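Biologist: I am just getting started with protein models, and I would love a close look at one small part. Could you walk me through it and then show me what else the model holds?

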Amino acid sequence: MTLKINAVIITLTVLFFTAAFIVMPKDYFSENENRSLATFPELDIEEIFSGEDMTSVSEYLTDHFPFRETFVRGKTDFEINVLKSKYVNNIFIGNDGYYIEDYIKPENTEKIIDNLNEFQDSINVKADFMLVPTQISIYKDKLPEHASPLSQLKTIEKYYSSLNMNCIDVYDTLMANKDKEELFYKLDHHWTMDGAYYAYVRYCSEKGFVPVSRDEYTVENIGDFRGTIYSKLNYSGLEKGENMKIYNKDFDLSVNYDGKESNSLYNMEYASKKDKYSIFLDNINSFVEITNNDTSSDRSLVLVKDSYANSMVPFLVNHYKKIYVFDTRSYRGAVSDFINENNVDDVLVMYNVNTIDSDTGVNAIY
């Protein structure tokens, strides 16, 4: 009898979730995860019967499983609250409210170094290279006891010792200031504008610029920022987000975002959305041209970067008439051709060490 009851329960459960999967409306963008969800793949009969590469089907079913986020949150809550786990979904549950993304062993370092060196060889100006360590290096003291993550510093040293660019190390600068203010978010993988500021000061030291004081800016606080780490954990213990601080200065700017004109380095429409970090440089654009109409400088900069650089541009703009920003993940031209054709003064290649290994743009940099 018990077996029959169990069989009925299992059958009804399967039927319930099958019906829910069919009937429930499908969302194709997850605001919580800030990503597009899988669409139903196009398959032919041969693929279905042969079982070839059904990964796309699996991804679709996983992304649209009924009550998916509820189940994920329940799993995370169980691991943290019941099992007392200090490592969930690739995130360390740290001390003092820190949630720190792990650093995974890179696989493409040699290939990326070769690409960067070929890029340098193809341009007519000496490029600067900045590889930014993340929370796991700067706030290592906040990790749970017995955590022993892979060292980012060995990777950084490998890049700096192998590249024929001018390498700008910001590790010591960040470490020297880490207890003065929060240099990285606790619920997102990016650094704060304060972290970006200290890297900017280090860049100015290398270039012979006098850094502008933050006192020349006004601070705007944007609360309830729930970033990528918040989304990866999906933990009910995180009842509220954290503050995002942005620095404003009264520049006369002309900014072209992939053909869209603006006079600001911030798109404040994102302040009311979950993806608040996209305030900086209006999210992702393949090419941004910034003109500072206030400056007497005639210098120009090409910035090849990931999203870490977005929050440093509001400081860099003090020193350049023109800044050309390239996101090579989507830019279809050759950045090296642009540099050579426009006779730019400076080139800065800037990435964070945690994601450079998987950044598809590095492979298309020249």
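In which sense do β3 and strand β4 (residues 91–93) pair, parallel or antiparallel, and over how many bridges?

Modeller: Happy to help! This is a predicted model, in which local features need pLDDT of at least 70 and side-chain atom pairs count only at pLDDT 80 or more, while totals for chains, interfaces and linings use all residues. Residues are numbered from 1 along each chain as its sequence is written, and side-chain values use heavy atoms, leaving out hydrogens and water.

Now to your strands: β3 and β4 are antiparallel, joined over two bridges. (A strand is a DSSP run of E with at least two residues, a helix a run of H or I with at least four, both numbered from the N terminus; two strands pair if DSSP finds at least two bridges between them.) Zooming in, Val 88 has Ile 91 of β4 as its bridge partner. Step back a little, and you see an open antiparallel sheet of three strands, ordered β3-β4-β5. Its edge strands, β3 (87–88) and β5 (99–101), each pair on one side only.

Strands of a sheet pair through backbone hydrogen bonds, either parallel or antiparallel. For the parallel kind, look at another open sheet, whose eight strands have mixed pairing and the order β7-β6-β15-β13-β14-β12-β10-β11. At its edges, β7 (166–167) and β11 (260–262) each have a single partner strand, so one side of each is left without a neighbour in the sheet. Inside it, β6 (residues 128–132) runs parallel to β15 (residues 346–352), with five bridges between them. There, Val 132 has Asn 352 of β15 as its bridge partner.

Helix α9 (residues 193–207) lies across β6, β7, β13 (300–305) and β15, at about 155° to β6. (Angles run from 0 to 180 degrees between N-to-C directions of axes fitted to C-alpha atoms, for helices over the stretch in contact; contact means heavy atoms within 4.5 Å.)

Finally, the chain's pLDDT, the predictor's confidence in each residue from 0 to 100, averages 86, with 80% of the residues scoring at least 70. Residues 12–21 fall below 50, although this stretch has 12 contacts beyond near neighbours in sequence. Where pLDDT is low, the predicted coordinates should not be read in detail.
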